[in-house]
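Subject: A structure for you to look at

Hello,

Here is the structure I promised to pass on. Please open it beside this message, and then read on for what turned up.

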Amino acid sequence: MDETKNPWTVLSRAAVYENQWIRVHHNEVLNPAGGPGIYGTVHFINQATGVVPIDEKGNVILVGQYRFPLGAYSWEIPEGGGSREIPALESAQRELREECGLVAGCWTEIQRMDLSNCVTDEHSIAFLAWDLSEATAQPDETEQLQVARIPFWDAVTRVKRGEIRDSISVAALLRVALMALQDELPQQIAKTIGVQFLHQSNH
């Protein structure tokens, strides 16, 4: 028996709501046990991207904004959505420029995630960016942003304390921390965030 085979049978599918960001489907299904049921799913029109930008002093650049669905303020890495028709890297570069007024000379992909996969098909790709230079910020009209630079390991501590809760931010920051511990970071980044000190403090 193939355990990876789809056990769901879709009897009918209808789009019940759509805007420029999402499409909601109502699915009439037979569940894995063969019983009838319904399943609501949300398709995201755009590809989600996130960036961990680290400057020459070892600071990570974070963006603060009020998140309408949560009714709460959130500190996050620069992130957003871009067309699936263009490379995710281009969307990430645009987000960094628009939200933070920064351009990065060096990029590397660090993380892929499926977000809230019981309800949505939203997929994210995160990048590490460095060799930063100033540009003109151009936030969307829906964004009222604060930009802050804090030491990278302070951001990791804020993740551990639950002060940074956004899923892409949590995963990407911890991924960079793991890369540091496993000596997988580019030398320039490893030097600026003090990985050697981290190793010494763990012995």
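Let me begin with a pair of strands: β4 and β9 run parallel and are joined by six bridges. If you would like a place to see this pairing, look at T49, which stands opposite I125 in β9. Please keep in mind throughout that this is a predicted model.

β9 has another partner as well. Between β8 and β9 there are 11 bridges, and these two strands run antiparallel. Here you can pick out E109, whose bridge partner in β9 is F127. As a general point, side chains in a regular strand alternate between the two faces of the sheet.

The loop between β8 and β9 holds a residue worth a click, S116. S116 is not a glycine, yet its phi is positive, at about 50°. Is S116 buried, partly exposed or exposed? Its relative accessibility is 49%, so S116 counts as partly exposed, the cut-off for exposed being over 50%.

D183 has a similar entry in my notes: a positive phi of about 55° in a residue that is not a glycine. You will find D183 in the loop between α3 and α4, the latter spanning 187-192. With a relative accessible area of 59%, D183 is over the 50% cut-off and therefore exposed.

Now for the whole chain. It has 203 residues, of which 37% count as buried, and it contains five helices and 10 strands. Along the principal axes, its C-alpha atoms fill a box of roughly 60 × 45 × 30 Å. Taking contacts between residues at least 6 apart in sequence, 57% join residues at least 24 apart.

What about the interior? In soluble globular proteins, nonpolar side chains tend to be buried together. In this model, the largest nonpolar core has 31 residues, and V52, L128, F152, L173 and L185 touch the most other members. Two or more residues each come from β4, β5, β8, β9, α2 and α3. Which element gives the most to this core? That is α3, with eight residues.

L128 is a good residue to centre your view on. Leaving aside neighbours within four places in sequence, L128 is in contact with several residues, including V52, I54, C106, W107, V176, L185 and I189. There is also a second, separate core of 14 residues, with V51, V63, A104 and W107 among them.

Finally, the largest pocket. How much space lies in the largest pocket? The value is about 1,400 Å³. The pocket is lined by 41 residues, and those closest to its centre are F44, R67, P69, E79 and E122. By class, the lining has 14 nonpolar, 14 polar and 13 charged residues.

Several elements supply at least two residues each to that lining: β4 (47-53), β5 (59-67), β6 (72-76), β7 (79-82), α1 (88-100) and α3 (167-181). The largest share comes from β6, with five residues. β4 and α3 are therefore worth a second look, since both give two or more residues to the largest core and at least two to the lining of the largest pocket.

If you are short of time, I would start with L128, which is one of the residues touching the most other members of the largest core, and then turn to β6 for the pocket.

Happy browsing, and best wishes

How values were computed. Residues numbered from 1 in each chain as written. Predicted model: local features only at pLDDT ≥ 70, side-chain atom pairs only at ≥ 80, totals over all residues. Heavy atoms only, no water. 1 Å grid on protein atoms, 1.4 Å probe; cavity = no way out; pocket = protein on both sides within 12 Å on 5 of 7 lines; lining within 4 Å. Points joined across faces, edges and corners; volume = space filled by probe spheres on them. Helix = DSSP H or I, 4+ residues; strand = E, 2+ residues; numbered from the N terminus. Nonpolar A, V, L, I, M, F, W, Y, C, P; charged D, E, K, R; others polar. Core = buried A, V, L, I, M, F, W, Y, C linked by side-chain atoms within 4.5 Å. Buried < 20%, exposed > 50% of the residue type's maximum accessible area, 1.4 Å probe, protein only. Contact = heavy atoms within 4.5 Å. Pairing = 2+ DSSP bridges.
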